[in-house]
Amino acid sequence: GMRKILGLLLLSLAPQVSHADTAPFTLSQICLAGVATFYGRSIDIMKAQVLPEGEIRVTYNRPEDGRPFSFKCRNHPKSNYRLNLLDESLNGARWYGEDMADKQTFYTVKDNILIIRTVGNGVQLAEDFYRPSNFPPSK
């Protein structure tokens, strides 16, 4: 009956439903963690800002010399659990991670722990675990 059709409809929509299952983490937090893991930096120096188009800007100053860095971050448009990063300090930068040949940043949430993995050429390069307490309180 109708209920079965509705159930099937919801199932067919499921892949496009993004981020509900990343609770308790927001995309801002996932991007903070993604940039920190990708660049091997501490999450404590990162700041996140939500941009109008729903992308996240992650900024930090490199502790060694104070040099500022700025990245745009988004969930891959066609694939959940993959982040794309755009380095705003480069001219003509592209979304890194969009091409499967790029080093990839994957995320999963399990038991309230955010797991970030970077993978290059099929080899896991880094894996970091973040708890909600690792993030600065939301403003």
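This report describes the fold of one protein chain, then its strands, its unusual backbone geometry, its disulfide and one buried loop residue.

## Overall picture

The model is a predicted one, and every value below is computed from it. The protein chain contains two helices and seven strands, and along the sequence these elements follow the pattern α-α-β-β-β-β-β-β-β. Of its 139 residues, 37% count as buried. The accessible surface comes to about 8,600 Å², and 56% of that area belongs to carbon and sulfur atoms. When contacts between residues at least 6 apart in sequence are considered, 33% of them join residues that are at least 24 apart.

## Strand β4 and its partners

Strand β4 covers residues 82–87, and because six of its six residues are buried, the strand is largely enclosed by the rest of the structure. The burial applies to both of its faces, with Arg82, Asn84 and Leu86 on one side and Leu83, Leu85 and Asp87 on the other.

Which strands pair with β4? One partner is strand β3, residues 68–75, which pairs with β4 in the antiparallel sense over five bridges; within this pairing, Lys72 has Leu86 of β4 as its bridge partner. Another partner is strand β5, residues 104–110, which runs antiparallel to β4 and is joined to it by two bridges; here the bridge partner of Leu83 is Thr105 in β5. Leu86 and Leu83, which appear in these two bridges, are thus found on opposite sides of β4, and both are buried.

## The hairpin of β6 and β7

Further along the chain, β6 (113–120) and β7 (123–130) are separated by a loop that holds Asn121. The two strands run antiparallel and are joined by seven bridges, and in this pairing Val119 stands opposite Gln124 in β7. The hairpin has two residues between its strands, whereas the hairpin of β3 and β4 has six residues between its strands.

## Unusual backbone geometry

Most residues other than glycine have a negative phi, and most peptide bonds are trans. The table gathers three places in this model that depart from those habits.

| Residue or bond | Backbone feature | Location |
|---|---|---|
| Ala23 and Pro24 | cis peptide bond, omega about 5° | Pro24 in the loop between α1 and α2 |
| Tyr81 | positive phi of about 70° | loop between β3 and β4 |
| Asn121 | positive phi near 50° | loop between β6 and β7 |

The loop that holds Pro24 lies between α1, residues 2–13, and α2, residues 27–39. The positive phi values of Tyr81 and Asn121 occur in residues that are not glycine, and each of these residues belongs to a hairpin: Tyr81 to that of β3 and β4, and Asn121 to that of β6 and β7.

Is Tyr81 buried, partly exposed or exposed? With a relative accessible area of 31%, Tyr81 is partly exposed, because it falls between the limits of 20% for buried and 50% for exposed. Asn121, by contrast, counts as exposed at 78% relative accessibility.

## The disulfide

The count of disulfides comes to one. It is formed by Cys31 and Cys73, whose sulfur atoms lie 2.0 Å apart, and with -80° about the S-S bond the link is left-handed. Since Cys31 lies in helix α2 and Cys73 in strand β3, the pair ties together parts that are 42 residues apart in sequence. Both cysteines, Cys31 and Cys73, are buried. Strand β3 therefore takes part in this link to helix α2, and it is also the strand that pairs with β4.

## A buried residue in a loop

Met46 is found in the loop between α2 and β1, the latter being residues 47–50. Although it is a loop residue, Met46 is buried, with a relative accessible area of 4%, and this value is under the 20% limit for burial. What is in contact with Met46, apart from its neighbours within four places in sequence? The contacts are Leu32, Val35, Ala36, Arg41, Val58, Thr59 and Tyr60. For one of these, Thr59, the C-alpha to C-alpha distance from Met46 is 5.7 Å, while the two residues are 13 residues apart in sequence.

Notes:
Residues are numbered from 1 along each chain as its sequence is written. This is a predicted model: local features need pLDDT of at least 70, side-chain atom pairs count only at pLDDT 80 or more; totals for chains, interfaces and linings use all residues. Side-chain values use heavy atoms; hydrogens and water are left out. Buried means under 20% relative accessible area, exposed over 50%, partly exposed in between (1.4 Å probe, protein chains only). Helices (H or I, at least four residues) and strands (E, at least two) are DSSP runs, numbered from the N terminus. Two strands pair if DSSP finds at least two bridges between them. Contact means heavy atoms within 4.5 Å. Accessible areas come from the Shrake-Rupley method with a 1.4 Å probe; for residues, only the protein chains shown count as cover. A disulfide is a pair of cysteine sulfur atoms within 2.5 Å.
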